[in-house]
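Here is a friendly walk through one model, taking a few local features and the packing around them in turn. Have the structure open as you read.

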Amino acid sequence: MGDSALMSDVLELEDVSVLREGRALVDQVSWSVKEGERWVILGPNGAGKTTLLNIASSYLFPSKGTVSILGERLGRVDVFELRPRIGVAGIAVTEKLPRRQTVLQTVLTAAYGMTAGWHEHYEDVDEQRARAFLDRLGMSAHLDRRFGTLSEGERKRTLIARALMADPELLLLDEPAAGLDLGGREDLVRRLGRLASDPVAPSMIMVTHHVEEIAPGFTHVLMIRQGRVLAAGPLEIELNSRNLSRCFGLPLVVQQVGDRWTAQGLPMS
């Protein structure tokens with residue numbers, strides 16, 4: 001495959017395995033994400049979802065196989081040049097951020113590729129962009145609050161705004177709705193749906209356990225169980241009761257209701 005073919009692929013994994021103490025966290029995974037696609041990675045706890053996301057963010061190198069991110073081969077590219085092109089929002093990022101920074105500062109520092117540093121002289125244009133992303137994510141009323149005082153949902157929305165600030169070509173979302181109550185989840189799913197439906201938004205990959213968290217505008221699903229791919233392709237083809245039952249290891253019924261999905265177990269006979 002020539003470099004020109006790689007350019008249309010945002011992410012390309014070929015026979016990728018990650019081994020830890022003799023155990024495969026992911027096992028011979030081949031997967032490709034094309035520009036503009038919005039993927040959901042679905043699977044039970046310990047299936048390898050976060051491992052795949054860590055590979056996609058260039059923070060984890062495979063034990064076997066090849067990985068190309070935004071046309072660059074892992075192992076041959078300077079990851080410090082690659083990483084600013086990838087936006088990441090997840091629990092791991094939350095823990096690195098200074099709790100005393102305001103919401104606005106938390107998002108602004110992303111433009112400079114740092115987790116800290118409020119001594120910078122920010123350009124007006126940066127501040128306008130930060131405010132616009134925070135507005136999109138429903139955080140305009142909280143600009144001056146310290147990050148450490150936010151609720152779980154407010155933190156997650158701030159992190160997504162922060163990830164968008166660097167204008168990434170690939171946006172990675174690690175369980176963005178985890179720990180949210182029903183209202184918080186629905187608010188976030190609605191906002192993610194708007195983002196996913198925006199043609200100028202970056203390609204997106206989101207990890208979740210719950211089909212209810214799949215926002216409208218997402219196009220593809222990768223199902224993973226015990227490190228292996230069970231299904232990969234367009235949501236309306238691959239997200240079905242048979243695949244989901246195999247993925248989670250019990251009989252499940254999937255339904256599409258409008259532009260959302262639900263899944264539940266069959267009643268005990």
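Does Gln28 count as buried, partly exposed or exposed, and at what relative accessibility? Gln28 counts as partly exposed, because its relative accessibility is 49%. Keep in mind as you look that this is a predicted model.

**Positive phi values**

Gln28 sits in strand S2, which covers residues 23–34. Its phi is positive, at about 55°, although Gln28 is not a glycine. Leu70 is another residue other than glycine with a positive phi, near 50°. You will find Leu70 in the loop that links strand S4 (64–69) and strand S5 (72–73). With a relative accessible area of 6%, Leu70 is buried. A glycine can be added to the list: Gly138, just after helix H6, takes a positive phi of about 70°.

**Helix H6**

Helix H6 runs over residues 124–136, 13 residues in total. From its first C-alpha to its last, H6 reaches 18 Å, close to the 18 Å expected at 1.5 Å a residue. Which residues of H6 are buried? They are Asp126, Ala130, Phe133 and Leu134. Viewed down the axis of H6, the buried residues fall within an arc of 100°, so they line one face of the helix. The face turned away from this buried side carries the exposed residues Asp124 and Gln128. As for partners, the buried residues of H6 pack against helix H5 (103–108) and helix H7 (152–165).

**The nonpolar cores**

Helix H7 leads us to the interior. In soluble globular proteins, nonpolar side chains tend to be buried together. Here the largest nonpolar core has 50 residues, and those with the most contacts inside it are Ile160, Phe218 and Leu239. H7 gives the most to this core, with 6 residues. Which residues does Ile160 contact, once its neighbours within four places in sequence are left aside? Ile160 is in contact with Ala89, Leu137, Leu173, Pro176, Leu188, Leu192 and Leu195. Apart from this core lies another, of 31 residues, with Val18, Val26, Leu82 and Leu170 among them.

**An aromatic pair**

The count of aromatic pairs comes to 1. It is formed by Trp31 and Trp39, which meet edge-to-face, 5.5 Å centre to centre and with 75° between the planes. Trp31 counts as buried, because its relative accessibility is 5%. Trp39 is buried as well, at 3% relative accessibility.

**Ser245 in helix H10**

Ser245 has its place in helix H10, which spans residues 241–248. What does the side chain of Ser245 reach at 2.9 Å? The partner is the backbone nitrogen of Leu252. Not counting residues up to four places away in sequence, Ser245 touches Leu250, Pro251 and Leu252. Ser245 counts as buried because its relative accessibility, 17%, is under 20%.

**Accessibility side by side**

The table gathers the values for residues discussed above.

| Residue | Relative accessibility | Class |
|---|---|---|
| Gln28 | 49% | partly exposed |
| Trp31 | 5% | buried |
| Trp39 | 3% | buried |
| Leu70 | 6% | buried |
| Ser245 | 17% | buried |

Definitions and conventions
Residues numbered from 1 in each chain as written. Predicted model: local features only at pLDDT ≥ 70, side-chain atom pairs only at ≥ 80, totals over all residues. Heavy atoms only, no water. Helix = DSSP H or I, 4+ residues; strand = E, 2+ residues; numbered from the N terminus. Expected span 1.5 Å × (residues − 1). Buried < 20%, exposed > 50% of the residue type's maximum accessible area, 1.4 Å probe, protein only. Arc of directions from axis to C-beta. Contact = heavy atoms within 4.5 Å. Core = buried A, V, L, I, M, F, W, Y, C linked by side-chain atoms within 4.5 Å. Polar contact = N/O pair within 3.5 Å; in protein donor to acceptor, adjacent residues only side chain to side chain. Phe/Tyr/Trp six-rings, centres within 6.5 Å; stacked < 30°, edge-to-face > 60°.
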